[in-house]
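Me: I am new to this structure and should like a close look at a single part of it. Please describe one residue and its surroundings with care, and then place that part within the whole.

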Amino acid sequence: MSNLIESAKKAAAYKAVDENLPENVGVVGIGSGSTVVYAAERLGQLSNKGSFVCIPTGFQSKQLIIDNGLQIGTIEQYPRIDIAFDGADEVDPKLNLIKGGGACLFQEKLVAQAAKTFIVVADFRKKSPDYLGVSWRRGVPIEIVPNSYAKVTLDLQELGADTVVLRQGGAAKAGPVITDNNNFIIDADFGSIEDPASLHAKIKALVGVVDTGLFTNMTAKAYFGEEDGEVLTWEANK
């Protein structure tokens, strides 16, 4: 099964790069996650890879850029990006996303919003049949200022979250996960999310919240590597 999933990720990422990278591209955003590995790999195979700069969304994507021989820049140097490629934890048919399973959601959203075109690459497991929160059951990732976690936890419960969990570092680290911005991550389960834009606005308004893993009205296309080797493309309504 693992080989099938990796093949699906690679097929989606390669097709997304091949179909969408502008001919005279200058700045490319590189997201985080296991599928973006193949997008960076494909970019690194291009003969013109020295003609564009890549902007990372965190430590992992910075290493991908370096490992594939791509030019690296920062969002401070290049606040406008031609195109960005990133993964997702879940995608609904309207191309709303849940992201942040890898704890990079703020920098991912910063790059996505700076991009003229934002493309998602994923495998077949990330498709939601209708709403967010159906396939991804770990909750909405929310980046918070560390000393606000107790207050924000209560606030999220009052907003209707069934469970609110401060994400822990696991066996490799005692204590909470620390983001690249030195913040904490809370995972809040709201069940099926019919209006992600509204939920995002309510959460973002809470003092202590940096941003949420709900990405709405950003994605131009989503590419899914299927079990049969084909690639399914969802495109935003224009």
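Reply: A polar atom in the side chain of Asn20 lies 2.9 Å from the backbone oxygen of Ala16. The model in which this is seen is a predicted one. Asn20 belongs to helix α1, which covers residues 2-20. The side chain of Asn20 also reaches the side chain of Tyr223, and the two form a polar contact of 2.8 Å.

Is Asn20 buried or exposed? The relative accessible area of Asn20 is 14%; because buried means under 20%, Asn20 counts as buried. When neighbours within four places in sequence are set aside, the residues in contact with Asn20 are Ile83, Ile119, Lys221 and Tyr223. Tyr223 thus appears both in this list of contacts and as the partner of Asn20 in the side-chain polar contact.

A second residue, Thr74, may be set beside Asn20. Thr74 sits in a loop, with strand β3 (71-72) on one side and strand β4 (81-86) on the other. Ile83, one of the residues in contact with Asn20, falls within the range 81-86 given for β4. Whereas Asn20 is buried, Thr74 is partly exposed, and its relative accessible area is 32%. The side chain of Thr74 is joined to that of Glu76 by a polar contact of 3.3 Å. Thr74 may also be placed relative to Gly29: 45 residues separate the two in sequence, and their C-alpha atoms are 9.6 Å apart in space.

The model also has pockets, the largest of which encloses about 360 Å³ of space. Its lining is made up of 25 residues, and those nearest the centre are Ser32, Gly33, Ser34, Asp89 and Gly102. Sorted by class, the lining of this largest pocket holds 10 polar, 8 charged and 7 nonpolar residues.

The whole chain provides the setting for these details. The chain contains 14 strands and 6 helices. With a radius of gyration of 17 Å, close to the 18 Å that the globule rule gives for 238 residues, the chain is as compact as a globular protein of that length. Along the principal axes, its C-alpha atoms fill a box of roughly 50 × 40 × 35 Å. Of the 238 residues, 54% count as buried, and Asn20 is one of the buried residues. Among contacts in the chain with a separation of 6 or more, 74% are between residues 24 or more positions apart.

Key
Residues numbered from 1 in each chain as written. Predicted model: local features only at pLDDT ≥ 70, side-chain atom pairs only at ≥ 80, totals over all residues. Heavy atoms only, no water. Helix = DSSP H or I, 4+ residues; strand = E, 2+ residues; numbered from the N terminus. Buried < 20%, exposed > 50% of the residue type's maximum accessible area, 1.4 Å probe, protein only. Polar contact = N/O pair within 3.5 Å; in protein donor to acceptor, adjacent residues only side chain to side chain. Contact = heavy atoms within 4.5 Å. 1 Å grid on protein atoms, 1.4 Å probe; cavity = no way out; pocket = protein on both sides within 12 Å on 5 of 7 lines; lining within 4 Å. Points joined across faces, edges and corners; volume = space filled by probe spheres on them. Nonpolar A, V, L, I, M, F, W, Y, C, P; charged D, E, K, R; others polar. Rg over C-alpha atoms; globule rule 2.2 N^0.38 Å.
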